[in-house]
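Student: Before we discuss this chain, I would like to see it. Then I will ask how each term is justified.

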Amino acid sequence: MEKYTVGMKAQMTKTISESDVYLFAGITGDFNPLHVDAEAAKKGFFGKRVVHGILVTGLFSAAIGTKLPERGGVFAYLEQDARFLKPVFIGDTVTAVVKLVEIINQEKKIWKLSTEAFVGSQEKVVEGYAVVKMIPESG
């Protein structure tokens, strides 16, 4: 297993499609017109439909669960903080970046990660942090 060190990063990139938004709405029951009704969204603050913010933060979970280098265990989410800075629109390509910023408890394998999401190469749309615990496959 690769040792975790402060500063290590992982990322996940995804272009958010219309079907992603509808599937997320169906799973969560969040059919807010801002997300699923183009005509209603046109009259709203952003002028068009926006992606659910929590759908975007799900990319942090994907990066943590599938892109961090250590294998032989899974991560349990303990906490997620997120500030939504700008909207994400259908068709945007989002890159979620997680970075290990603090080893809270090495013995219990609990880490704090910064979480940032970008549209394109530099437009930050979400920032915050996650606290996770690595659970070895053997228990």
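Tutor: Read along the sequence, the pattern is β-α-α-α-α-β-β-β-β. This is a predicted model, where local features need pLDDT of at least 70, side-chain atom pairs count only at pLDDT 80 or more, and totals for chains, interfaces and linings use all residues. Residues are numbered from 1 along each chain as its sequence is written, and side-chain values use heavy atoms, with hydrogens and water left out.

Student: What makes a stretch a helix or a strand here?

Tutor: Both are DSSP runs, numbered from the N terminus: H or I over at least four residues for a helix, E over at least two for a strand. The chain has 4 helices and 5 strands by that rule.

Student: How many residues of the chain count as buried?

Tutor: Of 139 residues, 35% do; buried means under 20% relative accessible area with a 1.4 Å probe, protein chains only.

Student: Why is a set of residues called a nonpolar core?

Tutor: Because its members are buried Ala, Val, Leu, Ile, Met, Phe, Trp, Tyr and Cys residues joined through side-chain atoms within 4.5 Å. The largest such core holds 31 residues, and Ile64, Phe75, Val88 and Val94 touch the most other members. Elements giving two or more residues to this core include α1 (18-28) and β3 (93-105), while α4 supplies the largest share, 6 residues.

Student: What is Val94 in contact with, leaving aside neighbours within four places in sequence?

Tutor: Contact means heavy atoms within 4.5 Å. By that measure the partners of Val94 include Met12, Ile16, Val56, Leu59, Val88 and Phe118.

Methods:
Buried < 20%, exposed > 50% of the residue type's maximum accessible area, 1.4 Å probe, protein only.
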